[in-house]
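Please examine the sequence and the structure displayed below before reading on.

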Amino acid sequence: RTPVLLDCDPGIDDALAIAYLVAEHRTGRIDLTGVVCTAGNVGLEETVSNACAWLDLAGSPELPVSAGAPGPIAVPHVLTPETHGPRGAGHADLTTTTRAVDPRDGARLWVDAARAHPGELVGIVTGPSSTLAHALALDPALPRLLGGLVVMGGTFHGHPGNTTPVSEWNVDVDPEAADRVCRAWEDARATDPAVPTPLWCGLNLTERAVWTPERSEWLFEAADSPLARRLTEALRFYFEFHGSVGEGFLAQVHDPFVAWLALHPEAVVAAPANVRVECSGVHTRGMTVADVRGHRRRVDNARIATDVRVPGGPDAVLDEICVAIVS
Ligand code: BDR
Ligand code: CA
């Protein structure tokens, strides 16, 4: 069973990622070792209470849930309630949880989980990289300890951003943190090429994971559970948001798609690159700049996901995620 740690900022699509990973944990496919919450889509208090509530609804065993970074490492936290709702759960009313939050902070949980499973733990990041950046400061050996790192972040190959013309939201919130992650793996791989290269899943791929009202209806009817009801209420807000920005009454669900990619590395088409994040550009702050031609003469510190090798593509992946959640 692959040990997995999720670092998230729930967030509507993060909630689907939690539901999917808990489902895979319950079937024994993975060992979900914990959930770290980072301030992102909403403030830290909300991401923690939302993660606890979604885990309760998903009927998870007592997993450690830990509060990570309360905001970006170098700039104020800018909230976007129009995207995920004022409390990060769209129209879903999440009841308060009785689950105890782990006393360790998120950076400590990253380090402890990695040390408990040296060379095996797969870290999945579906929010800003702020907590991971703190964890790297706590233990600079983290890149050598992890079995893999999969990040929902950035946008590549000229695909437009969703926050500025060139930046993706998770990276844009905390570009310094994302760049520290890039540098940490660059340094680690320069001295030890056996260190696994993180997989960066950007908008160029994740915007193809589109959730429709029909899919919500299917989930609601097939599962007939409080979890499915809350998920569909949350997703309705996400449809309205996407509709309000002219993208249609549907939702891009980046995070569960990336969680699936993390569990199915054989299905990912990816290319090596050296990635750094622009932290000072007037028009380009938050841009993920990928060197695929070796201009910088630096080692590859990333693999950029470009496609999914599955008949039916991202739609088929979302089908699988739905089936996992209801079974
Ligand atoms: C990312 O931004 C967040 O709003 C989503 O949860 C996802 O992680 C997409 O840019
Ligand atoms: Ca997210």
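The paragraphs that follow take up strands, a helix, a ligand shell and backbone geometry in turn. The model is a predicted one.

A convenient starting point is strand β4, residues 122-125. V122 and I124 point one way from this strand, whereas G123 and V125 point the other way, and all of them are buried. Strand β4 has pairing partners in β1 and β5. With β1, the pairing is parallel and extends over four bridges; D7 stands opposite V125 of β4. With β5, the pairing is likewise parallel, over four bridges, and here V122 is the residue of β4 that stands opposite G148 in β5.

From the strands, attention may turn to helix α13, which covers residues 313-326. The 14 residues of this helix should span 20 Å at 1.5 Å a residue, and the end C-alpha atoms lie 21 Å apart, in agreement with that expectation. Its buried residues are P314, V317, L318, I321, C322, A324 and I325. Viewed down the axis of α13, these buried residues fall within an arc of 160°, so they line one face of the helix. The general geometry of helices is relevant to such a pattern: an α-helix has 3.6 residues a turn, so residues three or four places apart point the same way. The elements that cover the buried residues of α13 include α1 (12-26), β7 (210-211), α10 (213-223), α12 (254-263) and β11 (302-308).

Which residues are closest to ligand 1? They are G11, D13, E168, W169 and H254, within a set of 13 residues that surround the ligand. Helices α1, α7 and α12 each contribute at least two residues to this shell. By character, the shell divides into two nonpolar, seven polar and four charged residues.

One of those closest residues, G11, is also notable for its backbone. The peptide bond from P10 to G11 is cis, with omega near -5°, and G11 lies in the loop between β1 (2-8) and α1.

Two further loop positions have a positive phi although neither is a glycine. H157, in the loop between β5 (148-152) and α7 (169-173), has a phi of about 55°. This residue is partly exposed, as 13 other C-beta atoms lie within 10 Å. D224, in the loop between α10 and α11 (226-244), has a phi near 45°. D224 counts as exposed because it has 10 C-beta neighbours inside 10 Å, the limit for that class being 12 or fewer.

Conventions:
Residues are numbered from 1 along each chain as its sequence is written. Chains are lettered from A and ligands numbered from 1 in the order in which they are written. This is a predicted model: local features need pLDDT of at least 70, side-chain atom pairs count only at pLDDT 80 or more; totals for chains, interfaces and linings use all residues. The expected span of a helix is 1.5 Å times one less than its number of residues. A residue is buried if 20 or more other C-beta atoms lie within 10 Å of its own, exposed if 12 or fewer, and partly exposed in between; C-beta atoms are placed from the backbone. The arc is that of the directions from the helix axis to the C-beta atoms. Two residues are in contact if their C-beta atoms, placed from the backbone, lie within 7 Å. A residue is near a molecule or strand if its C-beta atom, placed from the backbone, lies within 6 Å of it. Ala, Val, Leu, Ile, Met, Phe, Trp, Tyr, Cys and Pro count as nonpolar, Asp, Glu, Lys and Arg as charged, and the others, Gly among them, as polar. Two strands pair if DSSP finds at least two bridges between them.
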